[in-house]
Each structure stands twice: as structure tokens, then as C-alpha cells.
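Please open the structure in your viewer and keep the selection tool at hand. The tour below goes from one selection to the next.

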Amino acid sequence: MQTVLPEAQTYLKARKSKDCHGNHRENQQQVDQRTRDVKSSGRDRNGPEARPALDPRVAYLMVNLLEEVMRSGTAAGARARGFRVPAAGKTGTSHDGWFAGFTSELLCVVWVGFDDNRQLNLEGAKSALPIWTEFMKRALEHSSYRDAKKFPVPAGIARVNLCSESLQLATPECPSTYPEYFVDGSQPAEECQLHAASQPTPDAGGSSADLRGHPGPAEAPPTPIGNRRLSTHAQDLRER
Ligand SMILES: [Zn+2]
């Protein structure tokens with residue numbers, strides 16, 4: 001792999017040969033400085049520098065959304081074609097078709113389209129995804145990519161069960177619930193008010209309209225940070 005230092009030297013040569021507008025001295029100094037910076041940082045010896053670009057908790061929530069795309073969204077076809085290891089990804093469709101997906105060991109992006117931008121008239125799920133799936137299945141035959149692991153949950157993530165109707169914390173009375181991940185501290189704090197177990201019922205045949213009339217549950221629960229927006233976004237991702 002080419003290191004940063006030779007790249008800087010190549011850049012220096014290119015600038016030398018092309019610059020004919022009196023800026024040569026200044027550009028030369030800039031490039032010399034950059035070369036010195038690269039040398040002193042040691043990056044030319046150790047390869048590219050890796051650094052966190054996103055809060056790991058936020059990154060995990062995004063990975064979790066993209067895993068759902070493969071479980072129940074537009075990329076579920078990859079599972080139907082026998083690609084079983086933990087993975088996440090997203091289809092894209094405009095006049096062409098895309099699929100970008102990854103495991104813990106390998107990322108692959110597939111684009112299918114025409115060079116002259118003609119309409120492909122085929123969604124990413126039907127154009128790019130099958131190619132991605134076949135490529136990744138073959139990649140799994142290589143030892144470098146075989147050991148795809150579950151995406152690790154970082155510290156500071158809370159997993160809670162929510163009521164599918166109220167999006168509040170599920171109670172044993174809730175007919176439909178689902179697990180959801182949050183940045184710890186931003187998860188809903190209130191139990192489901194639609195299916196509360198010990199709700200006093202002064203009026204016979206209490207309905208949700210009666211519940212709304214009570215002073216206690218009348219107020220809408222505070223919106224947890226990011227939660228509903230992320231949940232809605234996850235729904236969008238599944239449908240696209
Ligand atoms: Zn409920």
C-alpha cells in the first residue's frame with residue numbers, strides 16, 4: 001500500500017512541473033512543510049491514522065437501524081438468498097440502483113446503472129443487492145472475511161421493551177411490544193398509559209377517551225431524545 005509520504009512527494013513533483021504563475025516558491029514551501037509534518041507524525045511508517053468520527057453510541061444506533069433493513073426491510077432479500085452472518089446495509093434507488101452493506105470484517109458498495117444516466121427502472125433491492133449478496137457469500141469463503149461477528153453494543157446503550165401502540169415502556173398488559181435501543185438516559189421513562197394494569201376505572205366500560213380525561217395520563221409523555229425520530233426513520237428505511 002502506498003504510504004502518505006510518497007503521495008506527498010508525487011504531489012510535490014506535479015506542482016513543480018505545472019505551476020507557471022509565480023506561485024512556485026510559496027507552494028513549494030507548503031508542500032515541504034506538509035512533507036515534514038508527515039515525517040514527524042510517523043504516519044508514513046504506520047499507515048493511515050484511524051480516529052473516531054462519531055460517538056460510538058450514535059454509531060451503534062445507526063448500525064442497528066441498518067441491521068433492521070436487512071432483517072425486515074428492502075434488503076431482506078439477501079437473507080432469503082442465504083447470506084446469514086451479522087450484517088447491515090441500505091438500498092438506494094434513483095435512476096440507478098445501489099446497495100451499500102457491511103459486516104464486521106468487510107464493506108462492499110454495488111452500483112448498477114447506465115453510463116449515460118438512462119433510467120434503470122429497477123430498484124436497488126432488485127439490481128445491486130443480488131450482486132452484493134453473491135459477492136459477500138463468496139467473500140465469506142476467505143479466511144480474512146469469514147469471521148463476521150455480531151456488532152458490539154458499546155457502553156451507554158440501553159435496551160428496553162416498548163409498547164407498539166404508545167411507544168412508552170411496555171407493561172405485561174401491552175398486546176404488542178418490541179425491543180428498542182437508546183442512548184442511555186434518553187429512553188422513555190413512563191410505562192404505557194394505554195394498557196396500564198392498575199388503572200382506576202370509575203366509569204364502567206372505560207375507553208381510551210375516558211383515559212384521556214383523567215388528569216394523570218392526560219399529558220403527553222416527554223419525547224425521548226432521538227427515540228421517536230429514530231423509530232420513524234427506521235420505519236422509513238424499511239419501506240424504501
Ligand atoms: Zn401498551
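The stops that follow deal with confidence, then a sheet, then the helices beside it, and then the cores.

Begin by colouring the chain by confidence, since this is a predicted model. The average pLDDT of the chain is 78, and 64% of the residues score at least 70. Select residues 1-12, where the pLDDT stays under 50 and where the model has 18 contacts beyond four places in sequence. Then move to residues 14-24, a stretch that also has a pLDDT below 50, and that has four contacts in the model once near neighbours in sequence are set aside. Where pLDDT is low, the predicted coordinates should not be read in detail.

Next, show the strands β1, β2 and β3, which form an open sheet in the order β1-β2-β3, with antiparallel pairing. Which strands stand at the edges? They are β1 (88-93) and β3 (107-112), and each has a single partner strand, so one side of each is left without a neighbour in the sheet. From one strand to the next, the twist averages 5°.

Now select strand β2, residues 97-102, which runs antiparallel to β3 and is joined to it by six bridges. Within this part of the sheet, look for Gly 101, which stands opposite Cys 108 in β3. Add helix α6, residues 128-139, and you will find that it packs on the sheet, where it touches β1, β2 and β3, while its direction makes about 145° with that of β3.

From there, turn to helix α4, residues 56-72, whose 17 residues reach 24 Å from the first C-alpha to the last, close to the 24 Å expected at 1.5 Å a residue. Show the side chains of Leu 61, Leu 65, Leu 66, Val 69 and Met 70, which are buried residues of α4.

With the helices still displayed, look at the largest nonpolar core, which has 18 residues, and in which Met 70, Ala 75, Phe 99, Ala 128, Leu 129 and Trp 132 have the most contacts. At least two residues of this core come from each of α4, β2 and α6, and α4 gives the most, with five residues.

Centre the view on Phe 99, which, apart from its neighbours within four places in sequence, is in contact with Ala 75, Gly 89, Thr 91, Val 110, Gly 124, Ala 128, Leu 129 and Trp 132. For the last stop, select Leu 162, Cys 163, Ala 170 and Cys 192, which are among the five residues of a second, separate core.

How values were computed: Residues numbered from 1 in each chain as written. Predicted model: local features only at pLDDT ≥ 70, side-chain atom pairs only at ≥ 80, totals over all residues. pLDDT = per-residue confidence, 0-100. Contact = placed C-beta atoms within 7 Å. Pairing = 2+ DSSP bridges. Helix = DSSP H or I, 4+ residues; strand = E, 2+ residues; numbered from the N terminus. Axes fitted to C-alpha atoms, helices over the stretch in contact; angles between N-to-C directions. Expected span 1.5 Å × (residues − 1). Buried ≥ 20, exposed ≤ 12 C-beta atoms within 10 Å, placed from the backbone. Core = buried A, V, L, I, M, F, W, Y, C linked by C-beta atoms within 7 Å.
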